[in-house]
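Here are some short exercises to work through with the model open beside you. Try each task before reading its solution.

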Amino acid sequence: MARIYSITADPIHKQYFQDILDIREGKKAKPIDYDKHFWTIILADNKTPNYNSQNKISFLDLIRQKNFTEKEILKLEEAKNDSDFLTERETEAMNLVNNQIPNLEANRAKARLMLHDHVYFQSKAKIMNSISDFYDMVDIRTKETVENNQRKAFIMRSVFIFFGLGLFITLWQIYISLQRTLGTSLDSLQAKIISIGKGDFVQNENLENFSQNSILGWLLELQTKLRELEIKQKDTSRVSTQDMH
């Protein structure tokens, strides 16, 4: 805005210059739809910005509300301070343009030079270097945060896999222990109990093939004893019948 004013002397650009400073200092709220292309669009038609009447906040207060580190904020404060120095030079140049004296053209030429000389570009470069350092610091911090989160995620996955394997091994041990205790599958054991409950004492299995300390082993022993008892009762009944005859 200062450079355009130094060439055209159109007061609207000086007003825009002041508006930008007021927004930065929190004296004016940001215009509606304020983005990086805002002033380019405004310049095309020399429109008056539509300022929002609320949410006035200075640049420094705004960045302090964000999740920046103290070092990152200091870098932006450096850029702000260097920008204030450049603003003084720009204001001085605009005052030369605005000064109605016989050497007006010479003053305007001097103003244009002040906005394009080595000192001006050095001052601007100093601002941009601070902003560049700020972006580098944010990028490094973001990268470190991502890497830390990736490490944490890897650890969590490893722990999950470890406990998953531990649970699988535990369940397998329980299954093996249950099989040893039952001596067979649960369905086979249930079928055997039902068979004995119905009075089927004929044993089709070889008792030696089953552990005597298992439930099935105990059932087979019981089945054997019941079968022996059944045979004994039949023999006793047959003898009694013969004696009666």
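**Exercise 1. Work out the surroundings of T87 in this predicted model.**

Solution. Start with the partners: leaving out residues up to four places away in sequence, T87 touches F17, L21 and R24. Next, place the residue: T87 sits in helix α5. Then check how covered it is. Its relative accessibility is 11%, and the cut-off for buried is under 20%, so T87 counts as buried.

**Exercise 2. Find out which residues L76 contacts, and whether L76 is buried or exposed.**

Solution. First, the location: L76 is another residue of helix α5. Setting aside neighbours within four places in sequence, its contacts are F59, I63 and F134. Now take one of these partners and look at the spacing. F59 is 17 residues from L76 in sequence, and their C-alpha atoms are 9.4 Å apart in space. Finally, the relative accessible area of L76 is 7%, so this leucine is buried.

**Exercise 3. Do the same for S123: locate it, list its contacts and classify its exposure.**

Solution. S123 belongs to helix α7. Not counting residues up to four places away in sequence, it touches F85 and L86. With a relative accessible area of 10%, S123 is buried.

**Exercise 4. Describe the overall fold and how confident the predictor is in it.**

Solution. Count the elements first: the protein chain has nine helices and zero strands. Read from the N terminus, the order is therefore α-α-α-α-α-α-α-α-α. Then look at burial: of the 245 residues, 25% are buried. For contacts, take pairs at least 6 apart in sequence; 60% of those contacts join residues at least 24 apart.

Now for confidence. The chain has a mean pLDDT of 84, and 88% of its residues reach 70 or more. By element, α5 has the highest mean pLDDT, at 93, whereas helix α9 (residues 215–244) has the lowest, at 71.

**Exercise 5. Identify the largest nonpolar core and the elements that build it.**

Solution. Begin with a general idea: in soluble globular proteins, nonpolar side chains tend to be buried together. Here the largest nonpolar core holds 15 residues, and A2, F17, A93, M94, A111 and L115 have the most contacts inside it. Two or more residues each come from α1, α2, α5, α6 (104–114) and α7. The biggest contributor is α5, which supplies six residues.

Zoom in on one member. A2 touches F17, E90, M94 and L115, leaving out residues up to four places away in sequence. There's also a second, separate core of six residues, including L182, L189, L216 and L220.

**Exercise 6. Characterise the largest pocket: how much space does it hold, and what lines it?**

Solution. Take the volume first: the largest pocket holds about 1400 Å³ of space. Its lining has 37 residues, and I20, R24, Y34, S83 and I131 are the closest to the centre. Now sort the lining by element. Those giving two or more residues are α1 (2–8), α2 (11–25), α3 (38–45), α4 (59–64), α5 (70–98) and α7 (118–182). Sorting by class instead gives 24 nonpolar, nine charged and four polar residues.

To finish, link back to Exercise 1. R24, one of the residues closest to the pocket centre, is also among the contacts of T87.

**Exercise 7. Spot what stands out in the backbone at A9, and say where A9 lies.**

Solution. Check the phi angle: for A9 it is near 60°, a positive value in a residue other than glycine. Then place the residue, which lies in the loop between α1 and α2. Last comes exposure: its relative accessible area is 22%, so A9 is partly exposed.

Definitions and conventions:
Residues numbered from 1 in each chain as written. Predicted model: local features only at pLDDT ≥ 70, side-chain atom pairs only at ≥ 80, totals over all residues. Heavy atoms only, no water. 1 Å grid on protein atoms, 1.4 Å probe; cavity = no way out; pocket = protein on both sides within 12 Å on 5 of 7 lines; lining within 4 Å. Points joined across faces, edges and corners; volume = space filled by probe spheres on them. Helix = DSSP H or I, 4+ residues; strand = E, 2+ residues; numbered from the N terminus. Nonpolar A, V, L, I, M, F, W, Y, C, P; charged D, E, K, R; others polar. Buried < 20%, exposed > 50% of the residue type's maximum accessible area, 1.4 Å probe, protein only. Core = buried A, V, L, I, M, F, W, Y, C linked by side-chain atoms within 4.5 Å. Contact = heavy atoms within 4.5 Å. pLDDT = per-residue confidence, 0-100.
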